[in-house]
Amino acid sequence: MVSYQELRDLRLGKLDTAVTEWQEMVRKLVTLAEGGDGGVSAADLERKANAADWKGDNATVTKAFTTTTARQFGDMLTEARSVHTILDDAHSALKKHKDDLTAAVDKWARKNVHVNAKGTVVSAVPLGVRDGDSTLTAGTEPPSQEDIDTAAAEIATILEAAAETDRIAARALRTHARSAYDFDETGFTSLQDADRKQGIEDADLAVRLASADHPLPDAELRRFNELAARQRDNPAFAERFATKMGPEGTLQFWRDHIAPGIGGPPTDDREKLLARTRDNLGLTLATASHLDSPAMREWKNGIIAAGDDRFTNPNTTQSFYGYQLTSNLMTKGKWDTGFLNSYGTSLIDFERGHARPGAPQLWNEPSYLIDSSYPSGSPKPAFDPVTGFLEALGHNPGASLEFFNGSSGKGANDGLDTLGNWDYLVDKDNKEARDWPVDADGKTAGYAHLGHALESATLGYPYDTETPGIPPLDTEAQRTARDDRTALMEKVVAHYKTADTIDAQDGIRDSLANMAAGHIDSLNYSAANFGAGGDASGRAERFGAEENRLRDFGSMDTTRFLRRKASEENAYNTVSTAQQVYGASVMTTQGDDLEDAKRVGLHSVKMHGMLDEARFEGIGKEFGDEKEERNRELAKQGEWRNFAAGAVIGTTVGIGAAAIVPTGAAAAIAVPLAFDTVGGAAETYVGNQTLDWLKEREFDNIDESVQGIELARQTGQNNAMTPLLNYAQAHGMSTDDIWDLSSAAEHEYVAGTRRTDTENSRGW
């Protein structure tokens, strides 16, 4: 591995000299081998030797020696060209790696992120001024932990690329140095060509190891892992290994290692070794799946066709379906979109075709139940192939979105009715929905993987990426994809809006919170629709609905969805942080228009109120009988009630990005706290109506009761707003005036409902 200091201090002068000298060597050898200057050349010597009239031993020995020697000059030239090419490409690549490192270090230094001599990334701001110190001046704000982590990842990526260049070049040069008495008749046309040939060479060795008729002992399995770990992202290695092993051979290799039937299940070091094998083998096959050669198309079709085959071992009665083995290898890496959807459709068709006994028994027969999750303690049940497939979707956003918009059934021979994949996997109220397998504790590990797949599909990036980013909207295809993602998110919001629905899918809550954070823009847009007056009040313009491709999820569904998410601490932290950042960003987009900035800011405050109050209610329900613990949790969320009465929004608050967006730990967060104050009191009444009603009933959060209250409230809001909207539109009121009118109407409506509902009074 190339260290940070080695690359930073790398001097390329000697390598540059070597490139120049080998270039001159090639020029001279061209003259010797091919001629061109009028002198004697190896090519001329070979022509004369072949044309001469040799007699006796000269006809056999001398002629052969002469022509062979002449051809050696050609091989010598080939090797010299190859060495020059490798050195030249390595020089260019290493120079780029060093330049990239220098640029990255300079870029992060401007954000007060420092890289020390050992390559460790740290804050450049002294510890004494890190937490609100008055000596902190402009330009010396400490970086966030996210900045430090991102910088470390960028530096590591550059160092890894440099190490890979060094490895490929060194191995290529060693290849030329292997023979002390001969020259290579074939060389490398580029560093990439060397990488390809090295991959093929390593694949052939890996195939020889994997083709053994017995499970590999530890030493040989470690050797296999060394090869695969080094080459798993090399297309040449991946294709060579997959096609030479074949679909059945690939799956049999894995089957024989996870359940050899000799000596009991793998444990301890062997188990950890198999965990690495699964990752390296899976990542290799993921790379191979993206290739579209005839041989790879045949391999992919073969893997799918082998899904319903049983893979056995003579040493045990345990057997696995091909689907189980393939999905078990899918948990890492990005598999090809087309392959994933073809495989997933085949898998769901097969499972639906075995509705009796159903998924729990289909994949969990005692004859072959075995924990193939390595290492132990990994989410189970690993024998359920749908979970591994969903994890693969979690790493491929395009495939995941396509899959959840797709369906199974209506194949040529399956005899099944068409059923949407969403309906089968998500909607448990559907009579044909999947019966998910459970583990020994009665929990369904598959729901966490379902959440990962939905995250990927709705957000547009892998659920576990270290560098998430909003997909661009530059092309029509990208805008269509955005519309498809928000359409799927609308289904998520509508479905996961009750506690019962979420509780029934244990493990999915964190993913739902991440999805809410990723679509906080459309959730804000959807919530800004009191009495169905959103369009008339100009919300589309203020939120940039058209350019940002926002979708209206429905005000009531949005409220219920957010309430369910924010009631749990981790989800609350995720969504409220997203709301803080988004609310600030919307204010900054209003430019110097203070009034519009106040309007969208007030809306963000209201959103905070919804989230805060849902969390308070969640605390009350969780610790309803433990007053001390409940009070401690409430205090942790903030003593919002203590300052509610006097909270106001200061009209002198700046609108600049630095004063609103929380970019650091100092002043940037102070302004939003003032808005949060209002959010905890003045703007939360609509959300409080239902929540206070539930609190009075000892936090008995009954979904049916909530639905009834919300339906009645929505009807009342619409009825109250209709005449006002008719008046406003008839008199040509501006969108700004209608916005203010709607806001005032909302407060009047809430005040009226509170005045007549004595049960909701809490004395604060």
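Which residues gather in a patch of negative charge on the surface? In this predicted model, the patch brings together Glu-146, Asp-149, Asp-464 and Glu-466. Asp-464 sits in the loop that links α17 (446-459) to α18 (476-495), and with a relative accessibility of 40% it counts as partly exposed.

Two other loop residues are worth a look. Gln-505, in the loop between α19 (499-503) and α20 (509-518), is buried, since its relative accessible area is just 1% and the cut-off for buried is under 20%. A polar atom of the Gln-505 side chain lies 3.1 Å from the backbone oxygen of Val-426. Ser-734 belongs to the loop between α30 (703-730) and α31 (735-756) and is partly exposed at 33%. Along the sequence, Ser-734 and Gly-538 are 196 residues apart, yet their C-alpha atoms are 8.9 Å apart in space.

Salt bridges come next: the structure holds 29 of them. Helix α4 (residues 57-109) carries the one between Lys-95 and Asp-99, partners four residues apart, or about one turn of the helix. Their closest N and O atoms are 3.0 Å apart, and Lys-95 is partly exposed at 42%, as is Asp-99 at 39%. Also in α4, and again four residues apart, Lys-96 and Asp-100 meet in a salt bridge of 2.9 Å, N to O. Asp-100 is partly exposed, at 29%.

Over in helix α7 (residues 218-231), Arg-223 and Glu-226 are three residues apart and form a salt bridge with a closest N to O distance of 3.4 Å. Arg-223 is partly exposed at 31%, and Glu-226 is too, at 45%. Elsewhere, salt bridges with shared partners join Arg-171, Glu-201, Asp-202 and Arg-230 into one network.

Notes: Residues are numbered from 1 along each chain as its sequence is written. This is a predicted model: local features need pLDDT of at least 70, side-chain atom pairs count only at pLDDT 80 or more; totals for chains, interfaces and linings use all residues. Side-chain values use heavy atoms; hydrogens and water are left out. Patches are made of residues with over 30% relative accessible area and no salt bridge: like charges are joined within 9 Å, nonpolar side chains (Val, Leu, Ile, Met, Phe, Trp, Tyr) within 5 Å. Accessible areas come from the Shrake-Rupley method with a 1.4 Å probe; for residues, only the protein chains shown count as cover. A salt bridge is a side-chain nitrogen of Lys or Arg within 4 Å of a carboxyl oxygen of Asp or Glu. Lys and Arg count as positive and Asp and Glu as negative; His and the chain ends are not counted. The place of a charge is taken as NZ of Lys, CZ of Arg, CG of Asp or CD of Glu. Buried means under 20% relative accessible area, exposed over 50%, partly exposed in between (1.4 Å probe, protein chains only). A polar contact is a pair of N or O atoms within 3.5 Å; within protein, one must be able to donate a hydrogen and the other to accept it, and residues adjacent in sequence count only if both atoms are side-chain atoms.
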